[in-house]
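Trainee: I have this one open on my screen and would like to go through it. Can you walk me through the main points?

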Amino acid sequence: MASAQSMETARLQMVQELEIEMMADLYNRMTAACHKKCIPPKYKEAELGKGESVCLDRCVAKYLDVHERVGKKLTQISMQDDELTKRMQTDQGAK
């Protein structure tokens with residue numbers, strides 16, 4: 001029983017670490033893409049201008065929206081695939 005519990009704990013820790021890694025990757029890619037799009041290569045001022053700030057806000061919002069939509073679609077596809085796999089296994093078991 002303790003072995004199964006420790007395996008579950010290790011699995012949860014691995015899932016948590018993977019989630020952190022994926023979020024860090026999302027943040028890094030989003031930061032790079034929005035920086036490239038919204039901030040000119042030569043800085044004129046130390047602070048962000050109003051236009052740059054607005055551009056960054058919109059870019060980040062769009063990036064996160066697309067990330068959420070893709071995640072939902074992938075989850076939907078995965079669930080459909082799981083259902084199809086279960087049906088195929090049930091059909092093969094009935095034969």
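**Charge pairs, core and pocket**

Mentor: Start with Asp25, which has a relative accessibility of 39% and so counts as partly exposed. Keep in mind that this is a predicted model.

Trainee: Fine. Which residue forms a salt bridge with Asp25?

Mentor: Arg29 does, and the closest N and O atoms of the two are 2.9 Å apart. Both sit in helix H1, four residues apart, so about one helical turn separates them.

Trainee: And Arg29, is that one buried or exposed?

Mentor: Neither extreme. Arg29 is partly exposed at 42% relative accessibility.

Trainee: How many salt bridges does the structure hold?

Mentor: Four. Another one joins the side chains of Arg11 and Glu8, at 3.0 Å from N to O.

Trainee: How far apart are Arg11 and Glu8 in helix H1?

Mentor: Three residues, which puts about one helical turn between them. Helix H1 covers residues 2-38. Arg11 is partly exposed, with a relative accessible area of 43%. Glu8 is partly exposed too, at 36%.

Trainee: Which residue meets Lys72 in a salt bridge?

Mentor: Glu68, with 3.2 Å between N and O. That pair belongs to helix H2, residues 50-94, and its two members are four residues apart, so again about one helical turn separates them.

Trainee: What about exposure there?

Mentor: Lys72 is exposed, at 53% relative accessibility. Its partner Glu68 is partly exposed, with a relative accessible area of 43%.

Trainee: Why would such side chains pair at all?

Mentor: Opposite charges can pair when the charged atoms come close.

Trainee: OK, changing topic. Which residues make up the largest nonpolar core?

Mentor: There are six: Met30, Cys34, Cys38, Ile39, Leu56 and Cys59. Helices H1 and H2 each supply at least two residues of this core. H1 gives the largest share, three residues.

Trainee: Is there a general reason to look for a group like that?

Mentor: Nonpolar side chains in soluble globular proteins tend to be buried together.

Trainee: Take Met30, then. Is Met30 buried or exposed?

Mentor: Met30 is buried: its relative accessible area is 9%, and the cut-off for buried is under 20%. It lies in helix H1.

Trainee: What does Met30 touch, not counting residues up to four places away in sequence?

Mentor: Val60, Tyr63 and Leu64. For Leu64 there is also a backbone distance: its C-alpha atom is 8.4 Å from that of Met30, and the two residues are 34 apart along the chain.

Trainee: How far apart in space are Lys50 and Leu84?

Mentor: They are 34 residues apart in sequence, and their C-alpha atoms are 51 Å apart. Lys50 lies in helix H2. At 71% relative accessibility, Lys50 counts as exposed.

Trainee: Do you have a pair with another sequence spacing?

Mentor: Thr31 and Gln92 are 61 residues apart along the chain, with 49 Å between their C-alpha atoms. Thr31 is in helix H1 and is partly exposed, at 36% relative accessible area.

Trainee: Back to the core for a second. What is Ile39 in contact with, leaving aside its neighbours within four places in sequence?

Mentor: Cys34, Leu48, Glu52 and Leu56. Ile39 also turns up in the lining of the largest pocket.

Trainee: Which other residues line that pocket?

Mentor: Besides Ile39, the lining has His35, Pro40, Lys42, Tyr43, Lys44, Glu45, Ala46, Glu47, Leu48, Gly49 and Glu52.

Trainee: How do the residues of that lining divide into nonpolar, polar and charged?

Mentor: Five are nonpolar, two are polar and five are charged.

Trainee: How much space lies in the largest pocket?

Mentor: About 190 Å³.

Trainee: Thanks. I'll start by finding Met30 and Leu64 on screen.

Mentor: Good. Then find Ile39, which belongs to the largest nonpolar core and lines the largest pocket.

Methods:
Residues are numbered from 1 along each chain as its sequence is written. This is a predicted model: local features need pLDDT of at least 70, side-chain atom pairs count only at pLDDT 80 or more; totals for chains, interfaces and linings use all residues. Side-chain values use heavy atoms; hydrogens and water are left out. On a 1 Å grid over the protein atoms alone, a cavity is a set of points where a 1.4 Å probe fits but cannot get out, and a pocket is an open set with protein on both sides within 12 Å along at least five of seven lines; lining residues have an atom within 4 Å of a point. Grid points are joined across faces, edges and corners, and a volume is the space filled by probe spheres set on the points. Ala, Val, Leu, Ile, Met, Phe, Trp, Tyr, Cys and Pro count as nonpolar, Asp, Glu, Lys and Arg as charged, and the others, Gly among them, as polar. Buried means under 20% relative accessible area, exposed over 50%, partly exposed in between (1.4 Å probe, protein chains only). A nonpolar core is a set of buried Ala, Val, Leu, Ile, Met, Phe, Trp, Tyr and Cys residues joined through side-chain atoms within 4.5 Å. Contact means heavy atoms within 4.5 Å.
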